[in-house]
Structures are given as structure tokens and as C-alpha cells.
Amino acid sequence: LRLSNGTGPCSGRVEVKHEEQWGTVCDGDWTIQDAEVVCKQLRCGSAVQALNRAPFGEGSGPTWLYRVDCRGDEYTLWNCSHTGWGAFTCPHYFDTGVICSGFSGLHLTGGDTACSGHLKVKQEETWVTVCFSHIDFKTASVICNELQCGQAVDILRGTHFGDRHEPIWQEEFHCVGYETHLAHCPRMLHHSKTCSHDATVVCSG
């Protein structure tokens, strides 16, 4: 299982390898429960959106799965009920897509209070740093709200990275400001690997 053509490994067109060939999943009744299984199987956090009609472009190869019906707690996508491998040939403009959160938690560390500090998100089992240049004030507002820390007061350039080799979150967040969770904000993959400072967020508490 993989996600293709998205902003990173945790969003994109759903692709499944069967009999040594990659193919797609057709969007009959594609729901957030189905997307949840994809995100969990890929260790990509939780499902944010289940999309249909080829939102990440049309794939190629067989349409391996059709009318996938998951409860949400299955271990793999193909453990969910479906019509059988390759049972129905579906045009690729019905290919499904998924956007996963890519992270399973967020917190502020090293601040004076629980409501201020360096922003980190949990990717699989690791806490990774978010760059100062990858968030803005609207994003900070969403973070403070999600952490039940009141209003955003400030975003500061945190520690200078220099040559530290710690993992860095690779996407920029572009929140509108009214999202309830950081995971629901639009994101863009940031190809440049450089990050001069981490982001320090201060909430009113």
C-alpha cells in the first residue's frame, strides 16, 4: 500500500500492489473509515479526508479494489470487505485519494508553561521539530486552540539549528485559522531541507 502524487508519503492517490503489480482503488462508497485504515496501515496518523474522483490525478494499472467497506479498525485495507481483487474494472477518474494527518500528536516543550515552547509533532514514534518558517500566526492560533491553551500570543524564532541533525517536519502549514486541529490545515511540502530556527509558540494559557 502507498499514497502517490500527494505532498508527502501521507497524502495522495491510494495504490495497492497485488500479484506484483501496482493498481488503484475505485471510489464506490469510499468513506473516512476506509481512509482511517489506510492512514493507520501506513503509520501516517489519522485520516483527515477521504477523497474520490482522482483528486491526485488518475493512476494506471488495474483497479484492484472496489466498494471497499471498512469499519475503521482493520489491520490492512484488504482486510476490509470488498468485491474481490480486480473484480470490477473501473475508469481511473474514479481513483480514490486520502489525506492523513501524518502525525499523531503535537506539544510545546521547554517553555515556561505547558502553553508555550518549541513546537513538535509526533511522527510515528518520534517527536519532530517544526520550522519557524513553516507556520504563521493563524497556524499558531489553531495550535493554541487544539491544546486548549487559549489564544495565540506570539510566534518566535526558537533555537538556531546550525548543524543539529534532528528530524524536521517537511511540510508548511497554511491554516485558515478556524480549523479545530492542526491536522486539518492545508499543507505544502517544503522541498528545501534547510531550517534555520525552530518555531516557538506562545499561547495565552
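**Exercise 1. What is the handedness of the disulfide between Cys144 and Cys203, left-handed or right-handed?**

Before we start, keep in mind that this is a predicted model.

*Step 1.* Find the bond: Cys144 and Cys203 are joined by a disulfide, S to S 2.0 Å.

*Step 2.* Look along that bond. The torsion about the S-S bond of Cys144 and Cys203 is about -80 degrees, so this disulfide is left-handed.

*Step 3.* Now place the two ends. Cys144 belongs to helix 2 and Cys203 to strand 13 (residues 197–203), so the pair ties together parts that are 59 residues apart in sequence.

*Step 4.* Check the surroundings. Cys144 has a relative accessible area of 0% and is buried. Cys203, at 7% relative accessibility, counts as buried too.

**Exercise 2. Work out how the disulfide of Cys115 and Cys149 is placed in the fold, and how it is twisted.**

*Step 1.* The sulfur atoms of Cys115 and Cys149 are 2.0 Å apart, and the two residues form a disulfide.

*Step 2.* About the S-S bond of Cys115 and Cys149 the torsion is about -75 degrees, so the link is left-handed.

*Step 3.* Cys115 sits in the loop between strand 7 (105–110) and strand 8 (116–123), while Cys149 sits in the loop between helix 2 (137–146) and strand 10 (152–160), so the disulfide ties together parts that are 34 residues apart in sequence.

*Step 4.* For burial, the cut-off is under 20% relative accessible area. Cys115 has 13% and is buried; Cys149 has 3% and is buried as well.

**Exercise 3. Describe the link between Cys175 and Cys185, and say how many disulfides the whole structure holds.**

*Step 1.* Cys175 is joined to Cys185 by a disulfide, with an S to S distance of 2.0 Å.

*Step 2.* Here the angle about the S-S bond is 100 degrees, and the link of Cys175 and Cys185 is right-handed.

*Step 3.* Both cysteines lie in the loop between strand 11 (171–173) and strand 12 (187–189), so the pair ties together parts that are 10 residues apart in sequence.

*Step 4.* Cys175 and Cys185 are both buried.

*Step 5.* For the total, a search of the whole structure finds eight disulfides.

**Exercise 4. Which residues of helix 2 are buried, and what do they pack against?**

*Step 1.* Go through the helix: Thr139, Ala140, Val142, Ile143 and Cys144 are buried. You met Cys144 earlier, as a partner of Cys203 in a disulfide.

*Step 2.* Look at what surrounds them. The buried residues of helix 2 pack against strand 7, strand 8, strand 10, strand 11 and strand 13.

*Step 3.* Turn to the two ends. At the start of helix 2, a side-chain oxygen of Asp136 comes within 3.3 Å of the backbone nitrogen of Lys138. After the helix comes Gln148, with a positive phi near 55 degrees.

**Exercise 5. Compare the settings of Glu19 and Ala54: is each one buried or exposed?**

*Step 1.* Start with the backbone. Glu19 is not a glycine, yet has a positive phi of about 50 degrees. Ala54, also not a glycine, has a positive phi of about 50 degrees.

*Step 2.* Locate them. Glu19 is in the loop between strand 2 (11–18) and strand 3 (21–25), and Ala54 is in the loop between strand 4 (47–51) and strand 5 (63–65).

*Step 3.* Read the accessibility. Glu19 is exposed, with a relative accessible area of 64%, whereas Ala54 is buried, with 16%.

**Exercise 6. Trace the contacts of two buried residues, Ser4 and Thr96.**

*Step 1.* Ser4 is part of strand 1 (residues 2–8) and counts as buried at 14% relative accessibility.

*Step 2.* Follow the side chain of Ser4 to the side chain of Glu15, with which it makes a polar contact (2.9 Å).

*Step 3.* Leaving aside neighbours within four places in sequence, Ser4 is in contact with Gly12, Arg13, Glu15 and Phe56.

*Step 4.* Thr96 is in the loop between strand 5 and strand 6 (97–100), and counts as buried at 1% relative accessibility.

*Step 5.* With neighbours within four places in sequence again left aside, the contacts of Thr96 include Gly12, Arg13, Val25, Trp30 and Leu51. Gly12 and Arg13 therefore appear in the lists of both Ser4 and Thr96.

**Exercise 7. Which residues does the UniProt annotation "domain: SRCR" cover?**

*Step 1.* According to the unreviewed UniProt entry, this annotation covers residues 1–101 and 106–204.

*Step 2.* Take residues 1–101: this part of the chain is 10% helix and 32% strand, with its end C-alpha atoms 17 Å apart.

Definitions and conventions: Residues are numbered from 1 along each chain as its sequence is written. This is a predicted model: local features need pLDDT of at least 70, side-chain atom pairs count only at pLDDT 80 or more; totals for chains, interfaces and linings use all residues. Side-chain values use heavy atoms; hydrogens and water are left out. A disulfide is a pair of cysteine sulfur atoms within 2.5 Å. Helices (H or I, at least four residues) and strands (E, at least two) are DSSP runs, numbered from the N terminus. Buried means under 20% relative accessible area, exposed over 50%, partly exposed in between (1.4 Å probe, protein chains only). UniProt positions are given in the numbering used here, feature names are shortened, and annotations may be inferred rather than shown by experiment. Contact means heavy atoms within 4.5 Å. A polar contact is a pair of N or O atoms within 3.5 Å; within protein, one must be able to donate a hydrogen and the other to accept it, and residues adjacent in sequence count only if both atoms are side-chain atoms.
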